[in-house]
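Here are a few exercises to work through with the model open beside you. Try each task first, then follow the solution step by step.

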Amino acid sequence: MSVPMLKIGAVLSTMAMVTNWMSQTLPSLVGLNGTAVSPDGTHERIVSGLYPGSEEGWQIYSTASDPDGRCLCTVVAPAQNLCKRDPRSRQLRQLTEQVQNVSQSMEVVDLRTSRDLQYVRDSEPLLRGVDGRLHTYVANSRALTTKGLKELKGQMSQLRPLLSVVEQYRADLQTLATLRWELLNLSVSLSGIQEEIGAYDYEELQHRVLMLETRLHACMNKLGCGRLTWVSIPITVRASGSRFGSWMTDAMIPSSDSRVWSMDGYYKGRRVLEYRTMGDFTKGQNFVQHLLPHPWAGTGHVVYNGSLYYNKHQTNILVQYHFRSRTVLLQRSLSGAGYNNTFPYSWGGSSDIDLMADETGLWAIYTSIPSAGNILVSRLDPRSLEVLQSWDTGFPKRSAGEAFMICGTLYVTNSHLAGAKVHFAYHTNTSTYEYTDIPFHNQYSHISMMDYNPRERALFTWNNGHQVLYNVTLFHVIRSDG
């Protein structure tokens, strides 16, 4: 039964990925919101895609081209779990569960009958002895003595458990009859599915899927960065730790590292918990502990390319701690940066220096006395922590609730409390700013960490002891001649 099941599952998975993707995902996610002619005569085509939730893996793809083969739009589609929406896949999963239940029931019956059969075999000599004694006493009643009767009673008491064994055999016969009918029903259902999908060539479908994925990734590589236009409803991943803290995955692109890190508190902390996967973090299991040689300040930490970058307590020194080797690779002062609650965000918490990463690299958000407390944005070299370039945004840091970088643009929230929204953006590529009005639901009313992860295309937040995710919508402006 297992080999046909595997074949059917493979065919159905591939078929559902193609048919459901083409019929549902692309029409719902691809949106050409308008075309405008810019002053230089080029066309701007604005497209957007809504990023899927954590249960769909945040798989990011993009496709679409004009008649000349040029990439026009971004599409975000969950690649791994599309089959969840196919009714045939749900039916097949239900059948698989039924097969597992039947298999487990058969194993239980098999173990029980094997055990009871051995008991009957062990009891066979005793049963033969009792049978012989009874024949003797029936043939010659005078042979029955008080001692013999006592021995016969003792043997009969030893054989009494055989009654329950026989009763169990009767129950097992009924169970086997039920399992037989279930297997017949499963066979009919599986035959129907086999007929329905039998017309599809598995190897051809697999080849088509691989070709589509190749085209999608190639198109994604041609796209530039997008501009934030919307923040989704919050997704609470876990409730753990104190009111303040930070959590993150590696922000390096590309990276196959699935670990999750958690750092509770903002004052003199040194304990970093490393979880193997997001699922382990959600369950609070399978983690190891790192004890940092230097305590941290604030919650503005970031993991980038296997290293933790953080602000050393009561200094403006940046520290690079490598997780694999469990050693500090680098320390460097961020010249002029305020520290120790001199220029924090509005919630305080020694949040003077906020380190983060986006599609363009590693960043530091801070301020200084010469900048009059306005937010400074500096791009850092991750290998040396040298400042490569800096921008003065003109926005007072103490008026900011939190901030994060997406595609080289700094986004600032107006508060860390309820009713917060993203209301300021500074674009480092043009050294310009704008006021925005992008609301989001601050579910637990006290955000002490909010960072964008370019790998996941999501905002990671620590909200009053809750670890929360927000998906984001980005608009891509793609220019093409003529």
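**Exercise 1. Place His-416 in its surroundings**

Is His-416 buried or exposed? Decide, then find its location and its partners.

*Solution.* Keep in mind that this is a predicted model.
- Step 1: His-416 has a relative accessible area of 10%, and buried means under 20%, so His-416 is buried.
- Step 2: Along the chain, His-416 sits in the loop between strand E18 (409–413) and E19.
- Step 3: Setting aside neighbours within four places in sequence, His-416 is in contact with Ser-346, Trp-347, Gly-401, Asn-442, Ser-445, His-446 and Ile-447.
- Step 4: With one of these, Ser-346, the His-416 side chain makes a side-chain polar contact of 3.0 Å.

**Exercise 2. Follow the links of Asp-358**

Which residues does Asp-358 touch, and which polar contacts does its side chain make?

*Solution.*
- Step 1: Begin with the position: Asp-358 belongs to strand E13 (residues 354–358).
- Step 2: The relative accessibility of Asp-358 is 2%, so this residue counts as buried.
- Step 3: Not counting residues up to four places away in sequence, Asp-358 touches Trp-363, Met-405, Ile-406, Cys-407, Gly-408, Tyr-452 and Pro-454.
- Step 4: The side chains of Asp-358 and Thr-360 are joined by a polar contact of 2.7 Å. A polar atom of the Asp-358 side chain also lies 3.1 Å from the backbone nitrogen of Cys-407.
- Step 5: For a view across the sequence, take Thr-409: its C-alpha is 9.2 Å from that of Asp-358, while the two residues are 51 apart in sequence.

**Exercise 3. Assemble the largest nonpolar core**

How many residues does the largest nonpolar core have, and which have the most contacts inside it?

*Solution.*
- Step 1: The core has 19 residues, and those with the most contacts inside it are Leu-228, Phe-404, Ile-406, Phe-440 and Leu-459.
- Step 2: Two or more residues each come from strands E3 (227–231), E17 (403–406), E19 (421–427), E21 (447–453) and E23 (466–480). The largest share, 4 residues, is that of E23.
- Step 3: Zoom in on Ile-406. Beyond its neighbours within four places in sequence, Ile-406 is in contact with Gly-226, Leu-228, Asp-358, Glu-359, Tyr-411, Tyr-452 and Leu-474.

**Exercise 4. Classify two ring pairs of Phe-424**

Are the pairs that Phe-424 forms with Tyr-433 and Tyr-435 stacked or edge-to-face?

*Solution.*
- Step 1: The model contains 16 aromatic pairs.
- Step 2: For Phe-424 and Tyr-433, the ring centres are 5.6 Å apart and the planes stand at 25°, so the pair is stacked.
- Step 3: For Phe-424 and Tyr-435, the centres are 5.5 Å apart and the planes are at 65°, so this pair is edge-to-face.
- Step 4: Phe-424 lies in strand E19 and Tyr-435 in strand E20 (residues 432–439), so the pair ties together parts that are 11 residues apart in sequence.
- Step 5: Now compare accessibility: Phe-424 is buried at 2%, whereas Tyr-435 counts as exposed at 58%.

**Exercise 5. Read a sheet from edge to edge**

What is the strand order of the open sheet of 4 strands, and which strands stand at its edges?

*Solution.*
- Step 1: The order is E9-E10-E11-E12, with antiparallel pairing.
- Step 2: Strands E9 (302–304) and E12 (327–333) are the edges; each has a single partner strand, so one side of each lacks a neighbour in the sheet.
- Step 3: Ignoring direction, neighbouring strands of this sheet are turned by 25° against each other on average.
- Step 4: E10 (residues 307–311) and E11 (residues 317–322) pair over 5 bridges, and Leu-308 has Tyr-321 in E11 as its bridge partner.

Note on methods:
Residues numbered from 1 in each chain as written. Predicted model: local features only at pLDDT ≥ 70, side-chain atom pairs only at ≥ 80, totals over all residues. Heavy atoms only, no water. Core = buried A, V, L, I, M, F, W, Y, C linked by side-chain atoms within 4.5 Å. Buried < 20%, exposed > 50% of the residue type's maximum accessible area, 1.4 Å probe, protein only. Contact = heavy atoms within 4.5 Å. Polar contact = N/O pair within 3.5 Å; in protein donor to acceptor, adjacent residues only side chain to side chain. Pairing = 2+ DSSP bridges. Axes fitted to C-alpha atoms, helices over the stretch in contact; angles between N-to-C directions. Phe/Tyr/Trp six-rings, centres within 6.5 Å; stacked < 30°, edge-to-face > 60°.
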